[in-house]
Amino acid sequence: MEFSKHAYRLAQDTRYEAKDHYQRWQCYFVPELKFRLLAALFVLMFSHAAAYDPLDPTGNITIKWDIMSWTTDGYVATVTINNFQLYRGIASPGWILGWNWAKKEIIWSMVGAQATEQGDCSKFKGIVPHCCKRNPKISDFLPGVPYNQQFSNCCKGGVLASWGQDPTTSVSAFQVSVGLAGTSNKTVKLPKNFTLLGPGPGYTCGPAKKVPSTLFLTADRRRRTQALMTWNVTCTYSQFLAYKNPSCCVSFSSFYNNTITPCPSCACGCQNKKNCIMSDSKLLHQAGINTPKKDNTPLLQCTHHMCPIRVHWHVKLNYKDYWRVKISITNFNYRLNYTQWTLVAQHPNLNNVTQVFSFEYKPLLPYESINDTGMFYGMKFYNDLLMEAGPLGNVQSEVLLQKDKNTFTFKHGWAFPRKVYFNGDECMLPPPDSYPFLSNSAFANPIAISTVAASVFLLGLSLW
């Protein structure tokens with residue numbers, strides 16, 4: 001009898017313990033599992049959104065491979081890099097393109113570009129390949145290479161202009177002869193794991209995809225030929241991958257307020273605060289101070305914001321039907337100049353730009369129904385080069401805009417842009433509550449009003 005009671009209690013305890021474990025599992029494991037699933041979903045969504053630019057929703061860099069002819073052990077291909085980004089180019093030291101071969105391919109020769117490393121080619125006798133690495137890295141030639149090493153749209157040091165600025169200089173190309181590869185459309189294997197540095201990180205490339213063969217026209221435009229095989233690779237840019245902090249900041253000022261709204265403190269991070277140089281330092285007179293480093297480490301002028309670029313927006317004058325803005329761009333990096341720079345501003349009154357002085361201007365229409373975004377860039381051979389930090393390290397212009405009663409007002413910061421991009425990277429703006437404000441006429445000086453009233457009263461008495 002006692003044994004049966006003991007067994008009954010043991011069964012009860014086991015059931016209660018199992019029920020307790022089940023409740024704990026519901027209370028802790030299930031919510032944790034839901035959290036992890038939601039976190040994973042968020043990461044997936046964020047990873048796609050990180051490369052999406054609302055001002056340039058279709059911008060990308062497309063790499064096109066066209067097989068032009070077959071060889072005894074491979075093929076000869078033309079590789080074209082097209083920058084379809086409206087306002088983001090690739091500056092010096094230029095692009096570096098990389099990939100992994102699908103088999104044991106090699107590069108016999110190249111025209112218009114070169115592999116940064118040759119690799120181990122010891123097993124080849126006689127003719128030595130140009131590159132034997134499984135994951136080659138390709139860089140553009142510098143200008144001035146011998147004519148027999150040049151190719152169309154090559155030899156610009158890897159510098160690409162943005163599509164919106166100059167489509168003719170936004171393309172780069174080279175020719176590559178590949179060996180130990182297939183010799184037909186069925187045996188050729190597409191390269192994998194494409195990477196693009198432009199010149200630093202930030203670009204993510206998708207897989208190579210076969211597309212219809214590219215068509216070509218002869219010089220007399222009377223005959224059309226086509227590539228034997230074509231595939232494309234699309235690369236998109238994300239500022240989150242390129243920089244941990246913003247790379248530029250914006251400051252504001254106006255004619256109706258003596259207060260200058262500066263860039264936020266440490267707007268671009270203060271990790272270079274110990275290695276910066278004061279503007280009056282004697283070290284600036286040393287030779288080689290402006291020479292770039294191999295790792296592109298900056299040498300910044302000591303400022304409270306520690307940004308390499310500052311954009312200043314000044315509301316200069318207010319006419320009856322127009323208002324005038326002065327835009328200044330200052331470089332605080334002693335080791336880097338900016339060729340073919342671009343500045344993008346989003347402002348509701350940019351749909352009424354009347355005249356731009358000393359800058360080129362082009363409206364951007366990512367959404368055709370909204371015209372509030374414009375791109376500024378330098379005039380060729382005049383100010384399209386922003387020099388290193390120093391007396392010449394700035395460019396400036398003025399913009400005349402026609403007033404629009406529906407969008408124009410000095411109140412609530414409407415005289416200032418909503419977003420500012422320099423070279424395709426979004427700049428940090430000051431907090432909205434710190435913008436230069438317009439004094440309210442309701443708060444007029446009471447002493448001045450009483451003085452006028454007293455003068456009128458005394459004048460009336462004298463006449464009476």
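A disulfide is a pair of cysteine sulfur atoms within 2.5 Å. Keep that cut-off in mind as we walk through the cysteines of this predicted model.

**A cysteine without a bond**

Why does Cys131 have no bond to Cys132? The cysteine sulfur closest to the sulfur of Cys131 belongs to Cys132, and at 6.6 Å it is too far for a bond. Cys131 is also hidden from the surroundings: with a relative accessibility of 1%, this residue counts as buried.

**The cysteines that do pair up**

How many disulfides does a search of the whole structure find? The search turns up eight. As a reminder of the chemistry, a disulfide is a covalent bond between the sulfur atoms of two cysteines. Three of the bonds are set out here, each with its sulfur distance and the angle about its S-S bond.

| Disulfide | S to S distance | Angle about the S-S bond |
|---|---|---|
| Cys248 and Cys427 | 1.9 Å | -95° |
| Cys249 and Cys263 | 2.2 Å | 85° |
| Cys266 and Cys270 | 1.9 Å | -100° |

**Cys248 and Cys427**

Let's start with the link of Cys248 and Cys427, which is left-handed. What does this disulfide tie together? Cys248 sits in strand E14, which covers residues 248-254, while Cys427 sits in the loop between strand E26 (425-426) and helix H3 (446-463), so the pair connects parts that are 179 residues apart in sequence. Both ends are out of view: Cys248 is buried at 0% relative accessibility, and Cys427 is buried at 5%.

**Cys249 and Cys263**

Now move to Cys249, joined by a disulfide to Cys263. Is this link left-handed or right-handed? With 85° about the S-S bond, the link is right-handed. Cys249 lies in strand E14, and Cys263 lies in the loop between strand E15 (257-261) and strand E16 (309-318), so this pair ties together parts that are 14 residues apart in sequence. Cys249 and Cys263 are both buried.

**Cys266 and Cys270**

Finally, look at the disulfide that joins Cys266 to Cys270. This link is left-handed. Are its two cysteines buried or partly exposed? Cys266 has a relative accessibility of 38%, so it counts as partly exposed. Cys270 is partly exposed as well, with a relative accessible area of 25%.

**Looking back**

In the structure above, you can find Cys131, whose sulfur is too far from that of Cys132 for a bond, and then trace the disulfide from Cys248 in strand E14 to Cys427 in its loop.

Terms used. Residues are numbered from 1 along each chain as its sequence is written. This is a predicted model: local features need pLDDT of at least 70, side-chain atom pairs count only at pLDDT 80 or more; totals for chains, interfaces and linings use all residues. Side-chain values use heavy atoms; hydrogens and water are left out. Helices (H or I, at least four residues) and strands (E, at least two) are DSSP runs, numbered from the N terminus. Buried means under 20% relative accessible area, exposed over 50%, partly exposed in between (1.4 Å probe, protein chains only).
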